[in-house]
Amino acid sequence: MSLLTVKGLTKSFGGLRAVANLDFDVPRGSIVGLIGPNGAGKTTTFSLISGFQQPTAGEVTFKGERIIGLSPDAICLRGLTRTFQIMQSFPKLTALQNVMIGAYARHNSSAAARRHALDVMSRLGMAARADELARNLTLADLKRLEIAKALATEPELLLLDEVVSGLTPTEVEELVALIRKIRADGTTLVMIEHVMQAVMTLSDSIIVLHHGEKIFEGVPHAAARDSRVVEAYLGEEMMIA
């Protein structure tokens, strides 16, 4: 059984359909890439799955349970959480304090939350940054902090929204390795990403959205050679590569 099932998911804003009758499944233990041009409906899809927006129509099932209508915190407690394209750190708090906020979802005491947060930061190579204010972190560290806050809630399914974008090639390689480790540790992932090096390397399957509609679903190498995907998003150079 799939960990996550999306059926007929639709979101309209007035006369505009941001997401249109979207279907897909996320197998447990997989990495699924969600790609498409700006405005394709990718982040809206994440918001609908994670409870930040409610759909016009359709169903989302997580671990066999319908989660449409639940609040983001209730969905998080069931084991599904997300990061944000626009990073949501608390700049005047330390990196550790930021991660502890996520840890409080599972741990009632400050001592337990601190221990868990430090463990997560160590796994992500951020232990040395624990006492730095978030506002003083580099972009690469802020990206890791965003992931750390989400992982501190102990998700079974993690939605990553452009955590690689804006990084240098070396930083991209490091984060790709980190995402592989997160999957190896037992977390299933769905990732929105414009950095094709990352999404094509990491993903077991790719879903391509265009104007809110799914135009492709399959393995990465097939997406790179699909004429609809090339025309809508990837460009001829990707098809040739």
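Which are the buried residues of α1? Let's start there. They are Lys42, Thr44, Thr45, Phe46, Ser47, Leu48 and Ile49. Before I go on, remember that what you have in front of you is a predicted model.

So, on confidence. The average pLDDT over the chain is 93, and 96% of the residues score at least 70. There is one stretch to treat separately: over residues 236-241 the pLDDT is below 50, and beyond near neighbours in sequence that stretch has seven contacts in the model.

Back to the helix. α1 covers residues 42-49, and it is mostly covered, with seven of its eight residues buried. Just after α1 you come to glycine 51, and this glycine takes a positive phi of about 90°.

Now the pockets. Here's the general idea: rolling a probe the size of a water molecule over the atoms shows where empty space is left.

α1 takes us to the second largest pocket, so I'll do that one before the largest. The second largest pocket holds about 200 Å³ of space. Of the 14 residues that line the second largest pocket, the closest to its centre are Asn38, Gly39, Gly41, Lys42 and Thr44. You heard two of those names a minute ago: Lys42 and Thr44 are among the buried residues of α1. As for elements, β2 and α1 each supply at least two residues of this lining. By class, the lining of the second largest pocket divides into two nonpolar, nine polar and three charged residues.

Next, the largest pocket, with a volume of about 400 Å³. It has 20 lining residues, and the closest to its centre are Thr81, Arg82, Phe84, Lys149 and Thr153. Which elements give two or more residues to that lining? They are α2 (72-77), β6 (80-82), α3 (95-103) and α5 (139-151). α2 gives the most, with four residues. The classes in the lining of the largest pocket come out as 10 nonpolar, six polar and four charged.

Let me stop briefly at arginine 17, which sits in strand β2, residues 16-26. Buried or exposed, or something in between? Arginine 17 is partly exposed, because its relative accessible area is 44%. Setting aside neighbours within four places in sequence, arginine 17 is in contact with Thr10, Lys11, Ser12, His211 and Glu213. And for a sense of distance, arginine 17 and glycine 218 are 201 residues apart in sequence, and their C-alpha atoms are 24 Å apart in space.

On to charges. Side chains of opposite charge can pair when their charged atoms come close. How many salt bridges does a search of the whole structure find? The search finds 13, and I'll walk you through a few.

Take arginine 28 with glutamate 156: they form a salt bridge, and their closest N and O atoms are 3.0 Å apart. Arginine 28 lies in the loop between β2 and β3 (31-35), while glutamate 156 lies in the loop between α5 and β7 (157-161), so this pair ties together parts that are 128 residues apart in sequence. Arginine 28 counts as exposed because its relative accessible area is 52%, and glutamate 156, at 26%, counts as partly exposed.

Glutamate 156 has another partner. Its side chain meets that of lysine 63 in a salt bridge, at 2.7 Å from N to O. Lysine 63 is in the loop between β4 (57-62) and β5 (65-66), and glutamate 156 is in the loop between α5 and β7, so here the parts tied together are 93 residues apart in sequence. Lysine 63 is partly exposed, at 35% relative accessibility. Put those together and you have Arg28, Lys63 and Glu156 linked in a network of salt bridges.

One last pair: arginine 144 and glutamate 174, a salt bridge whose closest N and O atoms are 3.9 Å apart. This pair links distant parts of the chain, with arginine 144 in helix α5 and glutamate 174 in helix α6 (residues 169-184), 30 residues apart. Arginine 144 is buried, with a relative accessible area of 15%, whereas glutamate 174 is partly exposed, at 43%. And α5, you'll recall, is one of the elements giving two or more residues to the lining of the largest pocket.

That's the tour; over to you.

Terms used
Residues numbered from 1 in each chain as written. Predicted model: local features only at pLDDT ≥ 70, side-chain atom pairs only at ≥ 80, totals over all residues. Heavy atoms only, no water. Buried < 20%, exposed > 50% of the residue type's maximum accessible area, 1.4 Å probe, protein only. Contact = heavy atoms within 4.5 Å. 1 Å grid on protein atoms, 1.4 Å probe; cavity = no way out; pocket = protein on both sides within 12 Å on 5 of 7 lines; lining within 4 Å. Points joined across faces, edges and corners; volume = space filled by probe spheres on them. Nonpolar A, V, L, I, M, F, W, Y, C, P; charged D, E, K, R; others polar. Salt bridge = Lys/Arg side-chain N within 4 Å of Asp/Glu carboxyl O. pLDDT = per-residue confidence, 0-100.
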